[in-house]
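Please examine the backbone, the sheet and the principal pocket of the model shown below. The account that follows takes these topics in turn.

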Amino acid sequence: MMSEHERWMRVALDEARQALAAGEFPVGCVMVAGGRIVAQGRRRNSAEGSRNEIDHAEVVTLRQLSADQPRLDLGTVTVYSTLEPCLMCYATMLLSGIRTFVWAYEDVMGGGANLPLHMLNTLYAQMRVHLLDQVLREESLRLFQQFFRTGTYWQDSLLARYTLAQTTEVVP
């Protein structure tokens with residue numbers, strides 16, 4: 001039986017597949033509150049010619065949520081991402097009030113969820129977050145492997161080498 005976390009991560013994986021089909025880094029994001037999707041999005045502008053480091057899936061999705069539902073209590077939101085949020089995205093979501101994060105694949109190069117909040121200044125040190133990793137990890141891993149075999153973004157990075165060295169289970 002599929003868990004709630006798997007249910008929402010499958011939607012994030014669909015966003016990631018759409019990103020991959022468009023030649024983008026395969027990160028999808030879904031934000032859920034009250035048992036329903038309140039926003040969803042994917043990585044944009046990672047391809048040659050339009051590349052920037054602002055349009056990460058989580059930032060794109062948070063912008064959409066903020067525009068569409070400015071009064072929503074972000075403390076009620078759970079973020080589902082196909083890749084562990086980077087430091088920029090993690091801090092942005094924390095400062096926005098989000099405290100629950102679920103991701104599929106670990107970002108060994110730039111993941112921000114291991115940030116020791118208790119060791120930082122008061123603003124961050126008092127935050128209590130809920131983290132859950134490796135939800136549908138294999139599915140996300142396969143998307144990143146496909147990307148790194150053909151894409152150009154972060155091609156020679158630690159994340160690319162780590163990802164391509166992983167073996168995946170054969171799914172019947």
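Leu136 counts as buried, because its relative accessibility of 10% falls under the 20% limit. In this predicted model, Leu136 lies in the loop that links β5 to α5 (137-150). Its phi is positive, about 60°, although Leu136 is not a glycine. Most residues other than glycine have a negative phi.

Trp154 also carries a positive phi without being a glycine, here of about 55°. This residue belongs to the loop between α5 and α6 (158-165). With a relative accessible area of 40%, Trp154 is partly exposed.

The strand β5, which precedes the loop of Leu136, is part of an open sheet of five strands. Their order is β2-β1-β3-β4-β5, and the pairing is mixed. At the edges stand β2 (36-42) and β5 (130-132), each of which pairs on one side only. From one strand to the next, the twist averages 15°. Strands of a sheet pair through backbone hydrogen bonds, either parallel or antiparallel. For β1 (residues 28-33) and β2 the sense is antiparallel, with six bridges between them. Within β2, Ala39 is the residue opposite Met31.

Attention now turns to the pocket. The largest pocket holds about 230 Å³ of space. It is lined by 16 residues, of which Phe25, His56, Leu83, Cys86 and Asp107 are the closest to its centre. Sorted by class, the lining comprises nine nonpolar, five charged and two polar residues.

Notes. Residues numbered from 1 in each chain as written. Predicted model: local features only at pLDDT ≥ 70, side-chain atom pairs only at ≥ 80, totals over all residues. Heavy atoms only, no water. Pairing = 2+ DSSP bridges. Helix = DSSP H or I, 4+ residues; strand = E, 2+ residues; numbered from the N terminus. Axes fitted to C-alpha atoms, helices over the stretch in contact; angles between N-to-C directions. 1 Å grid on protein atoms, 1.4 Å probe; cavity = no way out; pocket = protein on both sides within 12 Å on 5 of 7 lines; lining within 4 Å. Points joined across faces, edges and corners; volume = space filled by probe spheres on them. Nonpolar A, V, L, I, M, F, W, Y, C, P; charged D, E, K, R; others polar. Buried < 20%, exposed > 50% of the residue type's maximum accessible area, 1.4 Å probe, protein only.
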